[in-house]
Amino acid sequence: MAEFPADLKFAKTHEWARLEDDGTVTVGISDYAQEALGDVVFVELPDVDAALNAQGEAGVVESVKAASDIYSPVSGIVIEINTELEDKPEIVNEAPYADGWFFRLTPSDSDELNSLLGSTDYQRLCEEETH
Amino acid sequence: MGSKTPLYEQHVEAGAKIVDFGGWDMPVHYGSQIGEHNRVRQDVGMFDVSHMTIVDIRGAGSKALLSRLLANDIGKLTEKGKALYSAMLNEDGGVLDDLIVYVDGDDYLMVVNCATREKDLRWISEQAEGFDCLVSEREGFAIIAIQGPNAITVIKNVVQSDVRALIESLKVFQGGYCGRWFIARTGYTGEKGVEVILPADDAVGLWRDLSQRGIQPIGLGARDTLRLEAGMNLYGSDMDESVTPLISNMASTVVMENHEFIGKAALQEQVRSGIEEQLVGLVMTARGVLRAHYPVFCDGVKVGEITSGAFSPTLQHSVALARISKSQGELTVEIRNKRIAVQKVTPPFVRNGKQVYKTQ
């Protein structure tokens, strides 16, 4: 069963966002998403310093099954990307909420986080998709 | 709810992700498709392929019927139990299906695809009229494939001594009966192995015996990447009724001499007018994955499209089969609005765990 950590916010497009203590936001894809995609073989990440818009394209995940666009849950400037994923894309499957994170950004409007789904609502959305 | 093989409960117990496959509820993977793929390349794995259709053709007229039905020459099967891979064509030379046929005296055993089951049975029965033979689907059976460099060693340790003796006597691409079990040295992975056709009631027992020996089940996801690496076509993706075997990398399985077969005139006409297209292998060493229906360009001009593509776990880059018009120049594939360079190669890509492709 997929996990839905209570401290994260989720986008309907299956990315998660975590507000860090320093005010930055870390982004990845949900456990539900990685399960649905199957083994991840490549991850294309945004460039550091790129300006992303909420719901705007931020990268691509290629799995054994399909290529999927990744959208940024909030607007902001990318300050760090997870370069580990270049050689070890399987981390996305193994630890989607930890070592499998995608990028970190400085949000331009942290209120945008409030428009994302809480874990309970997101879990409900996934259950509806499954059935 | 689709059809279920006798091993369905085993898949669920093993944690399989079940998907619909041609009307069957089949395991696509049991956790990691790539892990399963690598296990078959490096060691051994077992597959439930009971969804495939088994057709018996019995009687003195069987050979004459198959000589007419198949583009390959059934006359090649002179040794008991020998197998032949062939296309079955319509009058236009289009591929109705690809199949494996085994000889047993006057009788033949054919394994055809599951998605083409009804069409094939209807076609074969229609064509069989006037031939002294009986066509029937073999029901109540399961098919288990055991594949990988250690497959033969493993299966011999699991089965009874009479089955073991049979396996030891078989050559590659040959099968034989032991009671109601039919065992053949065939597969769809490019590795050593056997396929066992056995009564449904025996299937769970063999599956459990293999499982107790530590043999892991392999899903249809890895089956697809294994066959693609091995350069084997998938019916419905790499060829169908709209194309002939001559443009499907199957020319070596077509025998024009010795027999009259359905579709022969159309193939002769195609040869006369010139073969314009070919099914080739593509290799992309850049990051990304080639997938079915991505367009292929030669010096900027569209020349065809990918018919199947995947990330190759063995080679650690993407490979594909593509049908393209004959052309000389730099090939690229359009992936998400970007043109990426690819190399044209002759399949297979991988045999017995090693890269074998050569640049064309």
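**Exercise 1. In which loop of chain B does B:Asn337 lie?** Then assign its exposure and backbone angle, and do the same for B:Arg336.

*Solution.* The model is predicted.
- Step 1: B:Asn337 sits in the loop between E18 and E19 of chain B.
- Step 2: Count its C-beta neighbours inside 10 Å. There are 5, so B:Asn337 counts as exposed.
- Step 3: Check phi. B:Asn337 has a positive value of about 70°, although it is not a glycine.
- Step 4: Turn to B:Arg336. This residue is found in the loop between strand E18 (331-335) and E19 of chain B.
- Step 5: B:Arg336 has 12 other C-beta atoms within 10 Å. The cut-off for exposed is 12 or fewer, so B:Arg336 is exposed.
- Step 6: Phi of B:Arg336 is near 50°, positive in a residue other than glycine.
- Context: most residues other than glycine have a negative phi.

**Exercise 2. Find the cis peptide bond between B:Pro347 and B:Pro348, and place B:Pro348.**

*Solution.*
- Step 1: Read omega from B:Pro347 to B:Pro348. The value is near 5°, and the bond is cis.
- Step 2: Place the second proline. B:Pro348 is in the loop between strand E19 (338-346) and strand E20 (350-351) of chain B.
- Context: most peptide bonds are trans.

**Exercise 3. Lay out the open six-stranded sheet of chain B and locate its edges.**

*Solution.*
- Step 1: Write the order. In chain B it is E10-E11-E12-E9-E3-E13, with mixed pairing.
- Step 2: Find the strands that pair on one side only. They are E10 (175-178) and E13 (216-217) of chain B, the edge strands.
- Step 3: Take one pair. E10(B) runs antiparallel to strand E11 (residues 181-184) of chain B, over four bridges.
- Step 4: Name a bridge. B:Tyr177 is partnered by B:Phe182 in E11(B).
- Step 5: Add the helix. H2 (residues 33-42) of chain B packs on the sheet and touches strands E3 (45-48), E9 (141-147) and E13 of chain B. The directions of H2(B) and E3(B) make about 120°.

**Exercise 4. Which residues of H2(B) are buried, and against what do they pack?**

*Solution.*
- Step 1: List the buried residues of H2(B): B:Gln33, B:Ile34, B:Glu36, B:His37, B:Val40 and B:Arg41.
- Step 2: Look down the axis of H2(B). The buried residues fall within an arc of 160°, so they line one face of the helix.
- Step 3: Find their partners. These are strand E2 (24-29), E3, E9, E13 and H8 of chain B.
- Step 4: Compare B:Gln42, also in helix H2 of chain B. With 14 C-beta neighbours inside 10 Å, B:Gln42 counts as partly exposed.

**Exercise 5. Describe the contact between domain 1 and domain 2 of chain B.**

*Solution.*
- Step 1: Set the bounds. In chain B, domain 1 covers 8-49 + 139-229 and domain 2 covers 276-359.
- Step 2: Their centres, over C-alpha atoms, are 29 Å apart.
- Step 3: Each of the two domains of chain B gives 12 residues to the contact.
- Step 4: On the domain 1 side, H2 and helix H8 (220-229) of chain B each supply at least two residues. H2(B) gives the most, with five residues.
- Step 5: Sort this side of domain 1 of chain B by class. It has three nonpolar, five polar and four charged residues.
- Step 6: Take a long-range pair. B:Gln42 and B:Gly353 are 311 residues apart along the chain, yet their C-alpha atoms are separated by 6.8 Å.

Note on methods:
Residues are numbered from 1 along each chain as its sequence is written. Chains are lettered from A and ligands numbered from 1 in the order in which they are written. This is a predicted model: local features need pLDDT of at least 70, side-chain atom pairs count only at pLDDT 80 or more; totals for chains, interfaces and linings use all residues. Two strands pair if DSSP finds at least two bridges between them. Two residues are in contact if their C-beta atoms, placed from the backbone, lie within 7 Å. Axes are lines fitted to C-alpha atoms, for helices over the stretch in contact, and angles run from 0 to 180 degrees between N-to-C directions. Domain bounds come from an automatic or database domain assignment. Ala, Val, Leu, Ile, Met, Phe, Trp, Tyr, Cys and Pro count as nonpolar, Asp, Glu, Lys and Arg as charged, and the others, Gly among them, as polar. A residue is buried if 20 or more other C-beta atoms lie within 10 Å of its own, exposed if 12 or fewer, and partly exposed in between; C-beta atoms are placed from the backbone. The arc is that of the directions from the helix axis to the C-beta atoms.
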